[in-house]
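Please look through the sequence and the structure below before reading on. The paragraphs that follow take up a pair of strands, then the chain as a whole, and then two places in its loops.

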Amino acid sequence: MTEHDADPTPRRDQARGGPGDDMARQHTGRSDARRHTGQDAADDNGAQVSTGSETPGVPEAAIPELVIISGMSGAGRSTAAKCLEDLGWFVVDNLPPALIPTMVELGARSQGNVARIAVVVDVRGRRFFDNLRESLADLEAKHVTRRIVFLESSDEALVRRFESVRRPHPLQGDGRIVDGIAAERELLRELRGDADLVIDTSSLNVHELRAKMDAQFAGEEEPELRATVMSFGFKYGLPVDADLVADMRFLPNPHWVPELRPFTGLNEEVAAYVFNQPGAKEFLDRYAELLRLIAAGYRREGKRYVTIAIGCTGGKHRSVAMSEKLAARLAAEGVETVVVHRDMGRE
């Protein structure tokens, strides 16, 4: 567990794939075709915030749920923040404490679009406690419910993590790492005492910390998995961001059927040709079953995003048809799915 760990599954708000970008589409598996965010548009508790400008008869804005993430440098604040972001929270890293009430007010005016806010506050912000105490008092005066999550770790674990990444502690100055840790621990002592949740990450890895955060904030719903299904052509190279790769070159190539050659796997006749071949439907059924098993494991390990690459020779016929069917199958099972045809149109 280290503050500087890179997230192995970077967020993908939109798929990018070169010339085939315009061939990206989203399968949601829901009749209203809305994106799954793991949370409703507004809190169910009916909490209200007063902005001082309400008009009689006009409902007041809903107060966003607020979590403040803090703790020792190197104890896993970034990992905890990424976990909340994956659960649908609006996350702000290193926000000056004085701006927290402003952030909450802006969220309240968002008409439910920002209903849960997580703020990472740490010693990188100078005048740390003076501003933080004032902000917490301001939030309490406005009846804003907030939770403080404090990430703790032993001195030995923190020294080991800073040494492994060869970076100085933000408070060590001209001293040693242990001097910076001691100074930070003293500075954060009062905040740790006020924390609603303290997590000791001394013996936790990244996945175990994510599991603890999920247990506290995911609610009753199991954290969702989001998938990108990407067709590609082997002759153009493997997708560098693929988690799983399947090869459709075991199926006859429609390229050698003159009347099908000009079309792509999006064409109904091409798709029918592909799925009438021996093994095509069986592959789809068994691969979808395998993905259900893998998806359950990904969720347990805290992995929220997966890229499934389906390849054929040129990325035009077989891989496109199979990607479309597989994406529809995943969406029907509740997986938010985007399909991208990376190489279609390159010929």
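**Two paired strands**

In this predicted model, Glu 152 stands opposite Asp 200 of strand β8. The strand pairing to which these residues lead the eye is that of β7, which spans residues 146-152, with β8, and the two run in the parallel sense over 4 bridges. Strand β8 itself, made of residues 197-200, has two unlike faces: Leu 197 and Ile 199 belong to the covered face, while Val 198 and Asp 200 belong to the uncovered one.

Stepping back to the whole, the protein chain contains 10 helices and 12 strands, and 48% of its 347 residues count as buried. Among the contacts in the chain with a separation of 6 or more, 80% are made by residues that are 24 or more positions apart. The chain exposes about 17,500 Å², of which carbon and sulfur atoms supply 50%.

Two loop residues deserve a look for their backbone angles. Most residues other than glycine have a negative phi. Asn 94, however, which is found in the loop between β5 (90-93) and α2 (100-108), has a positive phi near 55°. Because its relative accessibility is 32%, Asn 94 counts as partly exposed. Arg 166, placed in the loop between α4 (155-165) and α5 (177-187), likewise has a positive phi near 55°. With a relative accessibility of 79%, which is over the 50% cut-off, Arg 166 therefore counts as exposed.

How values were computed
Residues numbered from 1 in each chain as written. Predicted model: local features only at pLDDT ≥ 70, side-chain atom pairs only at ≥ 80, totals over all residues. Heavy atoms only, no water. Buried < 20%, exposed > 50% of the residue type's maximum accessible area, 1.4 Å probe, protein only. Pairing = 2+ DSSP bridges. Contact = heavy atoms within 4.5 Å. Areas by Shrake-Rupley, 256 points an atom, 1.4 Å probe, with all protein chains shown as cover.
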